[in-house]
Each structure stands twice: as structure tokens, then as C-alpha cells.
Amino acid sequence: MQAMGPIEKQLRRFWPFASLALILLIIVVVVDASGSILMQRTVADGLIKLIVVVGIYIFMGNSGVLSFGSIVYMMIGAYATAWMTLLPNLKRFTLPGLPGFLIEAQLDPFVSLILAALLAAAVAFVLALAIMRTNPIAISIATFAAMAMGYTIYNNWERVTLGTSSIIGLPMYVDMWVVFYWALVVMAIAYIYQISRFGLALRASREDEVAARAFGVNVYIQRVIAFTLSGFVVGIGGVLHGHFLGILTVNAFWIQLTFITLAMLVVGGQNSLAGAVVGVIVITAATEIFRQMEKGAEIGSTLIQLPLGVQEVILGVLMLAIMIFRPAGIMGGREIPWPFGPPKPIRGGRSRTLETGAGKARTGD
């Protein structure tokens with residue numbers, strides 16, 4: 001068998017990311033060529049959710065620990081960018097509780113995005129230091145408790161967040177292409193992390209925590225790293241959400257968004273980056289189809305119209321069916337294989353993960 005050259009090795013290694021980027025590019029180009037503003041906004045909203053789902057995947061998919069509270073970092077990022085980009089006169093009138101330096105600040109959108117995401121990551125880091133020493137069930141409960149606390153604080157912090165009222169006036173610079181570029185950045189971050197020794201070590205603990213510890217993996221440290229990185233990426237999603245809509249409401253960052261993002265990850269398959277992306281595409285497409293059918297769609301001479309609210313029921317049934325008949329999700333924990341030779345999917349399986357991840361990782365890595 002002819003040995004692979006260094007270029008082919010790198011192409012094979014990064015093909016899972018490149019293939020997903022190509023799929024998204026095709027979708028964006030086709031929708032852009034259609035000229036439909038409604039479809040462009042639908043795709044942009046779907047790509048924002050993709051960024052959030054990929055952020056959740058970085059921790060949940062690689063560690064195997066359920067996280068029910070990641071949306072709180074989306075909320076932190078969204079409100080932080082509002083504090084940094086709104087007009088000073090508007091902040092003086094609507095957000096008098098902000099510190100003086102924030103009231104006077106009006107930062108560049110890119111700078112505010114990075115700072116807001118870093119704030120979300122800092123909160124995630126502090127929380128991770130406290131809860132990652134516990135068992136997976138306790139971690140899951142603690143993440144939901146953190147989301148509930150964050151929601152309650154932001155919902156009642158009227159002088160800083162306007163509470164139950166809406167913050168308006170955010171610069172609306174985000175469109176489909178802007179979100180697409182950031183989706184590529186986020187997917188690159190997630191993929192580079194999962195093939196790094198940190199990601200492989202965390203995947204080793206996902207498959208067999210006792211064996212991973214025996215190989216020298218510091219599971220606590222690896223979970224803290226992944227949870228912090230997850231908070232950073234989800235924070236980016238929150239920033240883009242705010243500048244896409246131009247308006248923020250605390251109620252938007254609660255149970256419904258938590259359910260839909262987790263459903264996307266579970267349907268696609270939480271153990272691979274491809275699963276996260278495919279789940280978002282499938283659920284977004286299904287939601288849009290059902291929404292149009294609720295409005296009524298003519299097929300020939302027949303009008304097909306679903307009762308209002310039925311899309312949530314159908315999505316719930318779809319999620320149950322996936323969990324029953326394909327527990328590992330649509331992608332089954334696999335990445336998209338290399339199409340030009342023997343497939344070598346990255347599955348994070350037990351033997352590969354323990355040999356390549358735990359064998360390389362050591363305490364404190």
C-alpha cells in the first residue's frame with residue numbers, strides 16, 4: 001500500500017471540518033442566490049443556533065456529561081455586548097445602573113464580541129471550578145441551577161438589564177454571511193480542540209473514567225478547560241443573536257431555547273462535531289417546513305394546514321424516535337469520512353481514545 005504524503009495526511013485530518021464548512025457554504029450560497037430575505041434570516045438564525053450548539057458540544061459531547069445551563073452564557077454574552085455598543089445617551093436613560101466607563105463606552109463590534117465572549121468564559125470558568133469536582137449527575141443539576149440563577153438575576157436587575165423589558169438599539173451589523181464566517185471560526189475551534197490532547201483526554205474520560213484516571217488524566221482539569229471554552233463559544237452566539245435582532249429580552253434565554261438547542265445536539269448525535277451541525281440543519285429545516293404548513297401550503301388543489309403549535313409536538317416525537325431507534329443520533333457519533341480512500345472516521349471510540357488520548361495526557365494537561 002502506498003504511503004500517504006504529508007499533504008494528504010493533513011487533508012484527511014481536517015476533512016471532517018472542511019466537509020462541514022463546504023456543506024454550510026453550499027446552503028448559504030443557494031439561499032443568497034434565491035434573493036429571499038425571509039430565507040436568509042431563517043438561515044442566519046439557524047447558524048446562530050449552530051454556534052450555540054457547537055459550543056454546548058465542546059463540553060457535553062467530549063465529556064459525556066449533560067449540561068442544561070449553557071444558555072446562560074449566551075445571555076451573558078448578549079447583554080455584555082449591549083453594554084459596550086449601545087449609544088451612550090441611550091444607556092444613560094435606560095441603563096443608569098451601569099458603571100460610568102460602560103455608559104460612556106461604544107466599542108467596535110469585533111472588540112465587544114471578544115470581550116463579551118471572554119466575560120461568558122470567565123463566568124463559566126468560575127462555575128466550573130466549583131462544580132466539576134462532583135459527579136456527572138450533580139454537574140448536570142448544577143448547570144441548570146446556574147442558568148436559573150442567571151435568569152433570575154438578569155430578570156430583576158432592572159437598572160442594568162431593564163429586567164422584563166427589552167433593550168433596543170443594538171447595532172444590527174449581523175447578517176447571514178457574518179454569521180457564516182463566525183460559524184466557520186467556531187467549528188474550527190471545536191474541531192481543533194477535539195483532536196488536541198486535551199480533547200482526546202476528555203473523550204477518554206467519557207468512555208471510561210476509571211481507566212482514563214489510571215492513564216494519568218486529570219478529569220477535573222479537562223472538564224474545567226472544556227466548560228470554559230464552551231462558555232466562550234456560546235457567548236459568541238449570544239453576541240451575534242443580539243446584533244442580529246437589535247433587541248434583547250431576558251425571557252428569550254430560558255427553557256424553550258435550552259430545549260431546542262439540546263434537541264438539535266441529541267438528534268444529530270452529541271458525540272461528534274458532524275452530529276452537532278447535522279442536528280441543527282435537520283431541526284431548522286423541519287421547523288421551517290412545519291411553520292409554513294401551519295400557515296397553509298397548497299399542493300395542487302389541496303390546502304394542507306397544520307394546527308398552530310403542532311410543530312413542537314412533531315419535533316418532540318422526532319426527538320423521541322431518534323432516541324429510541326438511533327440513540328447515538330443521525331451521525332452515530334461519527335464524523336464525515338474521507339471520500340477518496342479507505343474511510344477513517346473519528347469516532348472517539350474507547351480503544352482509539354484511550355490509546356491516543358489518555359496515553360498522551362497527564363495530570364494538569
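**Exercise 1. State what area the chain exposes and which atoms supply most of it.**

Solution. The chain exposes about 16600 Å², and 69% of this comes from carbon and sulfur atoms. Accessible areas are computed by the Shrake-Rupley method with a 1.4 Å probe; for residues, only the protein chains shown count as cover.

The model is predicted: local features need pLDDT of at least 70, side-chain atom pairs count only at pLDDT 80 or more, and totals for chains, interfaces and linings use all residues. Residues are numbered from 1 along each chain as its sequence is written, and side-chain values use heavy atoms, with hydrogens and water left out.

**Exercise 2. Describe the fold content and judge how compact the chain is.**

Solution. Step one: list the elements. The chain has 16 helices and four strands; these are DSSP runs numbered from the N terminus, with helices being H or I of at least four residues and strands E of at least two.

Step two: compare the radius of gyration with the globule rule. The radius is 21 Å, close to the 21 Å that the rule gives for 365 residues, so the chain is as compact as a globular protein of that length. The radius is taken over C-alpha atoms, and the rule is 2.2 Å times the number of residues to the power 0.38.

Step three: check burial and contacts. Buried residues make up 50% of the 365 residues, where buried means under 20% relative accessible area, exposed over 50%, and partly exposed in between (1.4 Å probe, protein chains only). Of the contacts (heavy atoms within 4.5 Å) between residues at least 6 apart in sequence, 78% join residues at least 24 apart.

**Exercise 3. Analyse two aromatic pairs.**

Solution. Step one: take the count and the criteria. The structure holds 15 aromatic pairs. Rings of Phe, Tyr and Trp (its six-membered ring) pair if their centres lie within 6.5 Å; planes under 30 degrees apart are stacked, over 60 edge-to-face, and the rest tilted.

Step two: tyrosine 73 with phenylalanine 227. This pair is edge-to-face, at 5.8 Å centre to centre and 90 degrees between the planes. Tyrosine 73 lies in helix α3 (residues 71–85) and phenylalanine 227 in helix α12 (residues 219–245), so the pair ties together parts 154 residues apart in sequence. Tyrosine 73 is buried at 3% relative accessibility, and phenylalanine 227 is buried at 3%.

Step three: tryptophan 83 with tryptophan 157. This pair is edge-to-face, at 6.4 Å and 80 degrees. Tryptophan 83 is in helix α3 and tryptophan 157 in the loop between α7 (136–156) and α8 (158–161), 74 residues apart. Tryptophan 83 is buried at 9%, whereas tryptophan 157 is partly exposed at 40%.
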